[in-house]
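Work through the exercises below with the structure in view. Each task is followed by a solution in steps.

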Amino acid sequence: MQPFQLPEFYTPYPARLNPNLERARVHTRAWAHEMDMIDVPQHGTVIWTGDDLESHDYALLCAYTHPDCDGETLDLITDWYVWVFYFDDHFVELYKRNPDIEGAQAYLDRLPLFMPVNGVITAEPANPVEKGLADLWRRTVPSHSQDWRRRFAGNTKHLLDESMWELLNISAQRLSNPIEYIEMRRKVGGAPWSANLVEHAVGLELPREIAGTRPLRVLRDTFSDAVHLRNDLFSYEREVLDEGELSNSVLVFEKFLDLPTQDAAEAVNDLLTSRLHQFEHTALTEVPLLPMDPIGQAAVLGYVKGLQDWQAGGHEWHLRSSRYMKQQPRESSILGSYARTMPQRLRQFTSTPKRVEPYTLPAFDVPFPVTLSPHLDQARDEVVAWGVEYGITSEGVWDARKLRTFDFPLCSAGIDPDATPQELFLSGCWLTWGTYADDVYPLRFGKTRDLAGLKAQTARLKACMPLDLVQTVVPVNAIELALADLWQRTAMPMTPAFRSTFRDTIDVMLDSWVWEVINMHFNRIPDPIDYVEMRRSTFGSELTTSLSRFSHSATVPPELWETRVVQTMERSAMDYCAMLNDVFSYRKEIEHEGEVHNIVRVVENFLGVSQARAFEITYALMDARLGQFIRAVDELPPSGELTRYADELKDWIAGVILWHKETSRYDEAGEIPVVFHQGPSGLGTSGLLITSRTSS
């Protein structure tokens, strides 16, 4: 008996078949034999027989996913997919079924030898995976730019290396939380790698200047998520029931949300649909705003069309391949598919202010104490004086009472208890500016729907941060005056390279506020994945970690910042603090401001659950991310500087919690002060309870 009935998928694009299919089948059959992938035992185990290759029919996959490329290109792309699926099965049989972490790591460590961004391959292949990769690399990269090679090598390495994440989870019998799963699945699942091959198939590379921008990143990520979620639905039976795999979104939803398997499958399909809706929304509303010449426009248009073809073709292949569940999902026409998912699409664009029910906040106990700087009182006076001097209290948004009782220096004193008086003052000023600007943007540009003013203001703020420190813009309002002052104070001691990185971080935060305002214009509740990832920027988390990294930049090798464990540590801390802010500000934002950017509201809307259940799910996500942060700290490579950085992130979490409990910012809008109740002790969101109620 099969574990669930496949859901009715959103299929907005027609699948088309490349006429060179039979040629690709003949070619790749011969190639796989030449690479020793067929009937050649590996450590005594035959990975594939000839019948396996024929029944999987990867040429059919590539003919569906790349319907317009020529025969030679289709041959090459098909060989790539044969290689990647063989690698996956090779890794399962040799290292996953009977977990061999040491052997797996040694195996993966050799693979970069066969995909150099520069130079030639000199290592001798020792198995079919190495032999195939060396052959494919030589046939693919010579026609591409340095930028494309770097991106393709990076995505290929992620695909290979993060197989260790899956293996470690199996060894520890640990199931991912949903946020971790989506992040890691993008790397190990291979869809970003597939997106690189779409560029190869259409014969045009994305311009380097825009390849890393938010719209192109969202296109790639939504494409990746949809590919992986679809694959999880089709492969649940083989992966979870046969192989003991834990990396499957249906299983993650089943366990994390406590759902029956069928309901979990439907929820995953809803998320898949949401990601495709996000892809379409981004392609229509954000991509056209990118600065592109005609060649760049053609490349992006071909890329978008290629990703759409891949979605349609990948779905069709899953229906036919022997790798997956022998079952037909409930199908509908393209128009029927649009009609069926229209309620979900419209639900995103119909947010209205609502009466918030009374809710209870946990105490948010964490296993690290908060310590306050002895310079707190001095910083309080200095930050208020600075805010008054630079006009923050004179524009009708905040007054001096709000500025003082919001008490941003308290947050700074907990975040950095060892700061000098000047460092504490500067930190308090950044928190003041960031929060004030975040309040100004929706008031000045969201409620007025002033898109032209929004763009002009954002451009002026970016111009207030010259890399050469020579100001050419004359500030005309408080957010410009304050930012220009903070930029000079903060950027002056930085190296040019780090100053540029720091400037990029602030640019990203400014762009994230633009994203929020545009969502307000559309009255759009964000897609849950897009929300979590953008919240790291809108909350200012990346600005905080950037400044902390700067203090360790001279002693921590740059490559360590990009490792999975460090990024997991940072992002888990960011997500915990951002969700903490959302649960404290829920009444203020939802009932009194009509805000759409709040994780509780996003969960309510996406899952169609009650407010109480949305809070429960949010608390579970917070606990999962806090636990993930603690595990990541324990897994850090030996480094005194990284340990000190981890301690700073602990201070950040503890300081942010204390500030949310003490600030007046969330006592406004008719709320009475919080009331503490004693509850059971424990990690994260258990312990003392804080009850928030509206006044009568």
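A cavity is a set of grid points where a 1.4 Å probe fits but cannot get out. The model used here is predicted.

**Exercise 1.** Find how many cavities of 30 Å³ or more the structure holds, and give the volume of the largest.

Solution. Step 1: count the cavities that reach the cut-off of 30 Å³; there are seven. Step 2: take the largest cavity, which contains about 520 Å³ of space.

**Exercise 2.** Describe what lines the largest cavity.

Solution. Step 1: the lining is made up of 32 residues, and those closest to the centre are Phe-85, Asp-88, Arg-185, Gly-189 and Asn-231. Step 2: look at the helices that each give at least two lining residues, among them helix 4 (71–96), helix 9 (178–189) and helix 12 (214–242). Helix 4 has the largest share, with seven residues. Step 3: sort the lining by class, which gives 14 nonpolar, eight polar and ten charged residues.

**Exercise 3.** Repeat the description for the second largest cavity.

Solution. Step 1: its volume is about 350 Å³. Step 2: 20 residues line the second largest cavity, and Pro-178, Ile-179, Phe-253, Pro-528 and Leu-621 lie nearest its centre. Step 3: at least two lining residues come from each of helix 9, helix 13 (249–256), helix 24 (528–538), helix 28 (599–607) and helix 29 (611–634). Step 4: by class, this lining has 17 nonpolar and three charged residues, with no polar ones.

Technical notes
Residues are numbered from 1 along each chain as its sequence is written. This is a predicted model: local features need pLDDT of at least 70, side-chain atom pairs count only at pLDDT 80 or more; totals for chains, interfaces and linings use all residues. Side-chain values use heavy atoms; hydrogens and water are left out. On a 1 Å grid over the protein atoms alone, a cavity is a set of points where a 1.4 Å probe fits but cannot get out, and a pocket is an open set with protein on both sides within 12 Å along at least five of seven lines; lining residues have an atom within 4 Å of a point. Grid points are joined across faces, edges and corners, and a volume is the space filled by probe spheres set on the points. Helices (H or I, at least four residues) and strands (E, at least two) are DSSP runs, numbered from the N terminus. Ala, Val, Leu, Ile, Met, Phe, Trp, Tyr, Cys and Pro count as nonpolar, Asp, Glu, Lys and Arg as charged, and the others, Gly among them, as polar.
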